[in-house]
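The following paragraphs offer a guided reading of a protein structure for someone who has not met it before. Please keep the sequence and the model in view while reading.

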Amino acid sequence: MKKADKYFRDFSYDKAIEYYERIDDKTPGIYRNLAKSYLMLGNTGKAEENYSALMSTGKYKPKDVYDYASVLLMNKKYDEAANWMQKYYKLNPDDSRAQAFMKDPLYYRRLLQSDLQVQLENEPINTAYQDFSPVYYREGKVVFASSRGGSKLVNRKWNGNRQPFLDLYIADLTAGNTLTDVRKFDENVNKQYHDAPATFNRDGDYMIVTRNVYDDENLQDNKLMLYESELAYDQYWSEPAPLNFNSKDYSCGQASLTPDGKTMYFASDMPGGFGGTDIYKVERRGDGSWGKPENLGKPINTEGNEMFPYYDEKGGYLFYSSNGLPGLGGLDIFVSKIRKGGGYTTPLNLGTPINSNRDDFSFIYKEDGSGFLSSNRSGGKGDDDIYGFRNLGEFKDKIEDCSISGTITDKRTQEPLEFARVILYDQTGKKLSVYETQEDGKYVFPIDCGEVYKMRVSAYGYQPEKADIDTKEFDTPDIVKDYQLDRPGDEFVGISGGGADGTKKGSLCSHKIKPLYYDLDKYYIRYNDKVRLDEIIMLMKQYPEMVLEVASHTDARASKPYNVTLSKNRTNSVVKYLTDHGINRDRIVAKWFGEIYPVNGCVDGVPCTEEEHQQNRRTEFKILNCVQ
């Protein structure tokens, strides 16, 4: 047992299996480790057998149920897998993978009947070893990862699959989309352990490569890092250097550069993600360093593993592999389109023959419909093989890229309404997004096709409007919904009558609200000023029809863009205080102007005292529905 556990921890799965199988009275933990070991070695039959034995003990975890269903998919037992996924949903209803399955339990029937008119061709360069992750490199060449090995004098093998460590190789790309004439890539990049896969910029003179984390001769815990290298004198690659956001506490790898080399997508299991490995995006700074990685969030990432991203700039498509989205087994290849307004469309499973019941990944694509992918499906030459394809284009019409947009206008004047507030809810009433219109009165929300939404539109002095939007009732993905708001007759005109309880309240117009002031470069509310805000809250509760404008300003020091942001933060602080104390957000109109409206002559270049600058660091209040 001790030897088996040690081999399992060291990724020596074949030896772990040898010792686990010698134990007669197997515990649930042994069945679990046996199943994982067989799965890592590609023996899905034995993996299923041990997961089944684990289930029969009754001492399984929710994750075991999900893993068992996943193995059943890989063995093409789709109906049986569906039964276990329903059980997993009952055990873990908050898991997005379970929720996606329950929305369409028979999804696999649609994927198996895919109408993609493409043929996959096993490339002649494949070997009995791992060959995967092809990337386009310069004109007419492809670089890929392989464990086919090098010198016979050095027998370096990775414990995980007993194959040699990965290196980079280069091949010629023929006019028929076939790879030929393989040779090893630069020796400065191919070192002792895993040195693959790689990605290049358009010019082919800048590279990001995935490598093992190791110090001197010691391999560190099977972690991966991203390294960069530059081509010098058009012939020598520099010694790869680690990127600044790498860490020995987590892995980063499988990068995909945009053609200009300024943006990179990659996979990582860094803290703060959704599950196993997630897809991240990071921008390159002007000095050549890389910024802070941004998790792409949902719907791209799940509690499972998202890996091997590839960005197609011309089409705006992000291709990647996942075992957390509904698929046919193992890793499936998905595509999502980057929306013009930001965010990503619901990932589309490319179905057969692109995907199979095994791992399908490392997809690359050209606008002419040709490309390559990697797979360990049956019928290959070895472990992972590279497959070429042509005439792939039908998927573009299946990507669900929907939006709701429109214009908010005054019903009587037909003029667009600035600062109208549009709120989008899902079918259950959960708030999804908020939009505040500009001078043109327009709004836009990216949405998922086929769903039902609720909307609420409001503007000060107008009756709010509500609507239900069932996207299935529209023939176009770009839904247009305009709103014309009514201004009630006297409801919002000069209030001086009695309150709801019949008591005299006095004229709302008689109230003058003094500004709030701020310390230099600050937007927090001073303690003494909270008393004034409390008075405003009491006034707004006394007059439930009152609509308040909150407008903030800064002094002229610092840059204009910075001051706009600072004034916005000041307004947001006041709005938050009001709403936290029971004032409906629809009764507040938020504005911010930076330094453009000083109350004195303290503009750029004019020397002023601190007291004079203080007069400009302010938030002003205006009762909008008070007409004398």
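Q414 sits in the loop between β22 (402–410) and β23. The model, which is predicted, gives this residue a positive phi of about 70°, although Q414 is not a glycine. Its relative accessible area is 45%, so Q414 is partly exposed. A positive phi also occurs at F308, again a residue other than glycine, where the value is near 50°. F308 belongs to strand β15, which covers residues 306–312. With a relative accessible area of 12%, F308 falls under the 20% limit and is therefore buried.

Two peptide bonds also deserve attention. A196 and P197 are joined by a cis peptide bond, with omega at about 0°. P197 is part of strand β6, residues 195–200. A cis peptide bond likewise links T352 to P353, and there too omega is about 0°. P353 is placed in the loop between β18 and β19 (360–365).

These local features belong to a chain of 628 residues, of which 50% count as buried. The protein chain contains eleven helices and 33 strands. Its C-alpha trace spans about 95 × 60 × 55 Å along the principal axes. Among contacts in the chain with a separation of 6 or more, 55% are made by residues 24 or more positions apart.

One of the helices, α6, can be followed in some detail. Helix α6 runs through residues 78–91, and at 1.5 Å a residue its 14 residues should span 20 Å; the end C-alpha atoms are 20 Å apart, so the expected and modelled spans agree. The buried residues in α6 are Y78, A81, A82, W84, M85 and Y88. A general property of helices helps in reading such a list. An α-helix has 3.6 residues a turn, so residues three or four places apart point the same way. The buried residues of α6 pack against four other helices, namely α4 (44–57), α5 (62–74), α7 (96–103) and α8 (107–112).

W84 gives a closer view of this packing. This tryptophan is found in helix α6. Leaving aside residues up to four places away in sequence, W84 touches M55, V65, Y68, A69 and L72. As for L72, it is twelve residues from W84 in sequence, and their C-alpha atoms are 9.2 Å apart in space.

The structure also holds one disulfide. Which cysteines does the disulfide join? The partners are C602 and C608, with a distance of 2.1 Å from S to S. The link of C602 and C608 is left-handed, with -115° about the S-S bond. How accessible are the two cysteines, C602 and C608? C602 has a relative accessibility of 4% and so counts as buried, whereas C608, at 23%, counts as partly exposed. Another cysteine, C252, also counts as buried, because its relative accessibility is 1%.

Attention now turns from the residues to the spaces between them. Rolling a probe the size of a water molecule over the atoms shows where empty space is left. The second largest pocket encloses about 2,000 Å³ of space. Its lining is made up of 50 residues, and those nearest the centre of the pocket are K103, P299, T346, D448 and E451. By class, the lining of this pocket comprises 22 nonpolar, 14 polar and 14 charged residues.

Helices and strands both contribute to the lining of the second largest pocket: α7, α8, β18 (348–349), β23 (421–426), β24 (431–436), β25 (442–447) and β26 (452–458) each supply at least two residues. The most comes from α7, which gives five residues to this lining. Helices α7 and α8 have already appeared above, as they are among the helices against which the buried residues of α6 pack.

How many cavities of 30 Å³ or more are there? The count comes to one. The largest cavity has a volume of about 60 Å³. Its lining consists of F419, R421, E436, S458, A459, Y460, R585, D586, I588 and V589. These lining residues divide into five nonpolar, one polar and four charged.

Note on methods. Residues are numbered from 1 along each chain as its sequence is written. This is a predicted model: local features need pLDDT of at least 70, side-chain atom pairs count only at pLDDT 80 or more; totals for chains, interfaces and linings use all residues. Side-chain values use heavy atoms; hydrogens and water are left out. A disulfide is a pair of cysteine sulfur atoms within 2.5 Å. Buried means under 20% relative accessible area, exposed over 50%, partly exposed in between (1.4 Å probe, protein chains only). The expected span of a helix is 1.5 Å times one less than its number of residues. Contact means heavy atoms within 4.5 Å. On a 1 Å grid over the protein atoms alone, a cavity is a set of points where a 1.4 Å probe fits but cannot get out, and a pocket is an open set with protein on both sides within 12 Å along at least five of seven lines; lining residues have an atom within 4 Å of a point. Grid points are joined across faces, edges and corners, and a volume is the space filled by probe spheres set on the points. Ala, Val, Leu, Ile, Met, Phe, Trp, Tyr, Cys and Pro count as nonpolar, Asp, Glu, Lys and Arg as charged, and the others, Gly among them, as polar.
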